[in-house]
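Subject: A structure for you to explore

Hi there,

Here is the structure I promised to pass on to you. Have a look at it first, and then read on for what turned up.

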Amino acid sequence: MAKGLPEDNFKQPPAPGFRNVRTNTTAVLPQHEVSAGQFKINRGRHVPHRGLLSFVDGVLLNMASLSAITLLFLGLAYSVLARHPPLPHHERQSAEGTAFLNHEDLISSFLGRTFLRDNIPYIDIPDKLIEDVYYYRWTSIQRNIRYVTAGTGYMCTEFVHPVGYAKAFGTIDAAAGHQIDESRWLRNTAFGNDYIQLYTRGPADPLQYTQWILDAMSRRAMVTGDDEFLATQVDDMVRVWHLWDPYFDSTAGLYYYKPVWDAQELSLPGYIAYPDEEDWELKKDGPDTYRPSHNAYMVANARAIVRAAQIAKDGATETQFSKIADDLEAAMYERLWAPEQEFFMDVIRPDNPSLTRLTGREQVGLFPYRFGIGLNESYAQPALNSMFDPEGFLAPYGPPTLEIRDPFFAATKPDGYCCYWNGMSWPYSTGHTLKSLAAIYRSGVTNATAEQYHQYLQTYARTQQKDGKPYVAESHAPFDNVWTADSRNHSENYDHSTNNDDVITGLLGVIPQPDDTLQISPIIPSNWTYFALENLPYHGHLVTVLYDKDGSRYNEGPGLSVYVNGEKVHQGEDASAKVPIPPPVLADDAPINIAANPDGPGQYPMADATFTYPADYSYKAIDGVVYYDQVPDNRWTDYTSPNQNDTLTVFFARPRNVSSVTLALYSDIERGGSVDLPGRIEIYGSKGPITSVDSKTPLLANDHNKISFDTVETTFVAVNLYRRSDTTWVGVCELEVWTPPPTGPTYFAVDAHLTGAETKVTFDSSSTATENGAVVGSVKADSNVAFSGIKSNGGPTKLALRYANSGNATVSVTIDVNQAAQKVINLAPSKDGYLSVTADVVLAKGKNYISLRGGSDSAEVRYETLTIS
């Protein structure tokens, strides 16, 4: 940490200039005086300003305390600007596409528009209800994309606020397949790549709920064109598959799980098995059950492994899982298909040796078709009939999760418990059903019509409304226009389903292919004369599909026009086509956000502020979540602060090279609030002021603003924000610091995710790995210390751990590579210094997640670095 800078470092700079790349204008930043007394920082949550000094206070005040430089510091606080002119800009991806639609008009009503500009495909369709929900749902997934840690990257949350039963980083695997399906159409492929690897190689739990993650990652590879990403994870996919071995009944040939862990508590099996049971928990969870949903997921996951193995030329795995998938599908027909009901049914496992099927038809019986199961007339036509039967699954806000004619069907909830799956309409299940309906329609073996598909999609759009605007929560009443599970500051923008994937692949007919082609086969009503899907990311290119029956809407000729990267590649009268696509263009390694902390206060990075409004929280400015709603909330503000300016600071565990700060600035002025854009922004680091931005610099409200400067080394970034007036305050939804990813061979631990009651970053003067001696300390028996983002070409690798062991006995630690134990290393006593221990491990190609499990409860064990060679 800097104590005080020599006087010759503070020289009067010329007024720096700022060039805005969007408006092509230049603003001059005037000099400004900073009062040292304004830097007072409190730690902890919701602590009003008390005038107490924090660590940054001490640094900043010490810098100004020397009498020889006090006046100079106050008056010339921006000497660094002469060498580091600010270059704030709002980054947008550079990609070639088309502009037939007015993109800005289509997203003008939303916050966080930079994300939308950079990522989403645009549509233009005759059904404006579906279209409005489509654009809203991109903002829903935007709110639920979370950056967790450097090296691990992004994930998707189910709830905007983490819930207690979530697993690592707030993951819940129940809807992960839906989330992967939906996010595969965003241009930034890191969203999906990172999230998938949290389950295949990282600490997320793919056994918490039933899931079809492997199937989703295989189908996503057809969108990105990145077959290698899929093929290099065959071993990881097989590992995830075998986690389910304890729940396979070899006699029945099926998998079983309690319905609650099939993401459907209070569903029919619980009511049947425990009709008079006073123990509500038993009825809620339900008995172990062989379900069409779970077993269809497993068939699809097995076939995903087959496809990955084919690409990897792993014939043994391909053969093994082809048989597994075929046998499991055959068991579904034998055990779960009820000829008398003409439906896939649940079978309760306990006390049911003859495997008698239930007689009630549940929506889960419609799920298998989306995975290619039952796509012949004898199976598919009855399923289609049930979807459009008013006593089956057809409802004004449906489909419901249980057939309407069933005695246990309930159109309303009996109490305030969130989750009833015996009649409510759940978007989670609707997403599955829409995909099944599309598969049935395209199979050509039934009398399904495009109008029927549109009817279901329109019903779904009508369901996703609240107060006259698009909205999604947890569950909806099937007959009444009301959300039945919709808790304030919890259920809003619930990310538990697909919608846009169904518009793109179902309605508009984009069918991803495993080769360099794209199939277009829309399911549109016969009276539609146009539709547009613009700048869809596919194989690293931007694809635009225009259908204009008479050529009058888009003026590109009648029929179907297809563009790739702005160039027309197809023109034909028919609405369907198969077009060639250039070879895939894959993204470079994504930068990392070193300011993100997903696990809360107590570990680095840490956030602090001079003043925090009691309803807000400084930690939320680095929690990796970005959205700008008033409710639900996720922000730091200094609302009601008596100070003219307040400072938000993020502290790193060790010195970092930083060249930009990105601020997601919050403003609710136009929504009747009192938080506005800052009038001035000043950025400080360990060695003093770095740069500033004043009111002449255009800033985006409720959006990302990147402020760039020459690279500096620092252990903290302090952002000093000035209020525009006495009646307005400032707010930040997220403070991000993006840097290039580490290239190795030496890596530091994931500071924000140190598992263990006492494990944390500590500072050791005997360590020379970093300037400030930051190491991971208190490594106990319950510790799990992760090193993520370890790049490798795959194969045998030597790992070297620098450690300290203050005890007299050797400590054994297990090395997990991508969640599989590989080696045990022994840490001999090191006395007062640090030693190295090596081990031979096998890394996968791509990014690896290495964990060191265990430690000592009797000696102080510390980790310095991990080196790969």
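Before the findings, one cut-off is handy: a residue is called buried when its relative accessible area is under 20%, exposed when it is over 50%, and partly exposed in between. Please also keep in mind that this is a predicted model.

**Salt bridges**

Let's put that cut-off to work straight away. Is Glu281 buried, exposed or partly exposed? Its relative accessible area is 41%, so Glu281 is partly exposed. Its partner in a salt bridge is Lys284, with 3.5 Å from N to O. Lys284 has a relative accessibility of 11%, so this residue counts as buried. Both belong to helix 12 (residues 280–285), and because they are 3 residues apart there, about one helical turn separates them.

You can find another pair within a single helix if you go to helix 14 (residues 315–336), where Lys323 and Asp327 sit 4 residues apart, again about one turn. Their side chains form a salt bridge of 2.6 Å, N to O. Lys323 has a relative accessible area of 54% and is therefore exposed, while Asp327, at 41%, is partly exposed.

Next, try Lys435 and Asp501, whose side chains meet at 3.1 Å, N to O, in a salt bridge. This pair links distant parts of the chain: Lys435 is in helix 16 (residues 427–443) and Asp501 in helix 18 (residues 500–507), with their positions 66 residues apart in the numbering. Lys435 and Asp501 are both buried. Salt bridges can also share partners, and in this way Arg361, Asp389, Glu391, Glu403 and Arg405 are joined into one network. How many salt bridges does a search of the whole structure find? The count is 41.

**Aromatic pairs**

The same kind of search over the whole structure gives 44 aromatic pairs. One of them is formed by Tyr195 and Tyr199. Their ring centres are 5.5 Å apart and their planes lie at 70°, so this pair is edge-to-face. The two tyrosines are in helix 7 (residues 190–200), and because they are 4 residues apart, about one helical turn separates them. Both Tyr195 and Tyr199 are buried.

Tyr297 and Phe371 make another edge-to-face pair, with 5.9 Å from centre to centre and 80° between the planes. Why does this pair tie together parts that are 74 residues apart in sequence? Tyr297 lies in helix 13 (residues 292–312), whereas Phe371 lies in the loop between strand 11 (347–348) and helix 15 (377–387), so the ring pair bridges that separation in sequence. Tyr297 is buried and Phe371 is buried too. These two residues also belong to a cluster linked by ring pairs, together with Trp212, Trp421, Trp426 and Tyr428.

**Strand 18 and its neighbours**

Now rotate the model to strand 18 (residues 530–538). Of its 9 residues, 9 are buried, so this strand is largely enclosed by the rest of the structure. Which strands pair with strand 18? Strand 3 (residues 122–124) is one partner, running antiparallel to strand 18 and joined to it by 3 bridges. Within that pairing, Tyr122 has Glu534 as its bridge partner. Strand 19 (residues 541–548) also pairs with strand 18 in the antiparallel sense, over 7 bridges. There, Phe531 stands opposite Tyr547. Strands 18 and 19 form a hairpin with 2 residues between the strands, and in this hairpin His539 takes a positive phi near 60°.

**A pocket to look at**

Finally, have a look at the second largest pocket, which holds about 890 Å³ of space. Its lining has 28 residues, and those closest to its centre are Tyr136, Arg143, Lys469, Pro470 and Asp629. Helix 5 (128–144) and strand 13 (469–470) each supply at least two residues of the lining. Which element gives the largest share? That is helix 5, with 6 residues. Sorted by type, the lining has 12 nonpolar, 6 polar and 10 charged residues.

Enjoy exploring, and do write back with any questions!

Best wishes

Note on methods
Residues numbered from 1 in each chain as written. Heavy atoms only, no water. Buried < 20%, exposed > 50% of the residue type's maximum accessible area, 1.4 Å probe, protein only. Pairing = 2+ DSSP bridges. Salt bridge = Lys/Arg side-chain N within 4 Å of Asp/Glu carboxyl O. 1 Å grid on protein atoms, 1.4 Å probe; cavity = no way out; pocket = protein on both sides within 12 Å on 5 of 7 lines; lining within 4 Å. Points joined across faces, edges and corners; volume = space filled by probe spheres on them. Nonpolar A, V, L, I, M, F, W, Y, C, P; charged D, E, K, R; others polar. Phe/Tyr/Trp six-rings, centres within 6.5 Å; stacked < 30°, edge-to-face > 60°.
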